[in-house]
Amino acid sequence: MTRATRWALVAGALVIAALVAIVPMVNSPDEPASDEGLAPARAGAQLQACGSGAGTPARELRGVEAVCLADGSRVDVGEVAAAGDRPTLINVWATWCQPCREELPLLDDYAAEPGAARVVTVQVESGQREGLELLTELDVELPGVFDGDGPSGPVREALSVPRALPASYLVTPGGEVELVREPRLFTSAQQIREVVRSGGGGG
């Protein structure tokens, strides 16, 4: 092997090593460049800021982190879903879920009512861009978090979310989190009001 060939092999190995180190950085979801690519979709969706609820954090979700769909920041979902004098309603959804597409606008309409409980959404099993574009299409501006596009995520693990979506949870004023079993799918604002009332949310 000539000296030139040896140096060529060394140079090639260094280039490959550099690429191996750089590629994960480029693809990392926490990189600013990746988030900047979602800026137009975030601006179009005009979602409400995640913020913190007014009272007791959701017990099962305390310390569980997810990405806020509105701005890409990492938030404590237990704080976001904190319940005050009224319960918080958490809705888990995905872009491929047709019933979710029908339910989200109902939840958005309910949340706009005077005295309504806080409603927080959790997008799963679909990309952030897809989710933001769907929420824009549906004109839904509820605060929401992204729990990853894979088959599991920290929020889903903490709540033991069933495979069949949508799934809704009620966070009581005491911070307890309960799966809404009846109805599993909201088809009217009145059903939402009744569930909130059952969780200590008044009339």
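This report walks through the disulfides, one helix pair and one buried residue of the structure above, which is a predicted model.

**Disulfides**

A disulfide is a covalent bond between the sulfur atoms of two cysteines. Searching the whole structure turns up 2 disulfides. Counting bonded cysteines along the chain, their pattern is 1-2, 3-4. Here they are next to each other:

| Disulfide | S to S distance | Torsion about the S-S bond | Handedness |
|---|---|---|---|
| Cys-50 and Cys-68 | 2.1 Å | about 105° | right-handed |
| Cys-97 and Cys-100 | 2.3 Å | 85° | right-handed |

Let us take the link of Cys-50 and Cys-68 in turn. Its torsion about the S-S bond is about 105°, so this disulfide is right-handed. Cys-50 sits in the loop between helix H3 (39–45) and strand S1 (65–68), while Cys-68 belongs to strand S1, so the bond ties together parts that are 18 residues apart in sequence. Are these two cysteines buried or exposed? Cys-50 has a relative accessible area of 4%, under the 20% cut-off, so Cys-50 is buried. Cys-68 is likewise buried, with a relative accessible area of 1%.

The other link joins Cys-97 to Cys-100. Both Cys-97 and Cys-100 are buried.

**The pair H5 and H6**

Next comes a helix contact. Helix H5 covers residues 98–111 and helix H6 covers residues 128–138; the two pack at an angle of about 55°, with their axes 10 Å apart. Why are H5 and H6 called oblique to each other? Angles from 35 to 65 degrees fall outside the parallel and perpendicular classes, so the pair counts as oblique. The crossing of H5 past H6 is right-handed.

Which residues make this contact? From H5 come Arg-101, Leu-104 and Pro-105, and they meet Leu-134, Leu-135 and Leu-138 of H6. By type, the residues of this contact divide into 5 nonpolar, no polar and 1 charged.

**Around Phe-146**

Finally, a look at one side chain and its neighbours. Phe-146 is placed in strand S5 (residues 144–146). With 11% relative accessibility, Phe-146 counts as buried. What does Phe-146 touch, leaving aside residues up to four places away in sequence? Its contacts are Ala-66, Val-67, Leu-69, Gln-123, Ser-126, Gly-127 and Gln-128. For one of these, Ser-126, the C-alpha atom is separated from that of Phe-146 by 9.1 Å, with their positions 20 residues apart along the chain.

How values were computed. Residues numbered from 1 in each chain as written. Predicted model: local features only at pLDDT ≥ 70, side-chain atom pairs only at ≥ 80, totals over all residues. Heavy atoms only, no water. Disulfide = S-S within 2.5 Å. Helix = DSSP H or I, 4+ residues; strand = E, 2+ residues; numbered from the N terminus. Buried < 20%, exposed > 50% of the residue type's maximum accessible area, 1.4 Å probe, protein only. Axes fitted to C-alpha atoms, helices over the stretch in contact; angles between N-to-C directions. Parallel < 35°, antiparallel > 145°, perpendicular 65-115°, else oblique. Left-handed = near helix turned anticlockwise from the far one by under 90°. Contact = heavy atoms within 4.5 Å. Nonpolar A, V, L, I, M, F, W, Y, C, P; charged D, E, K, R; others polar.
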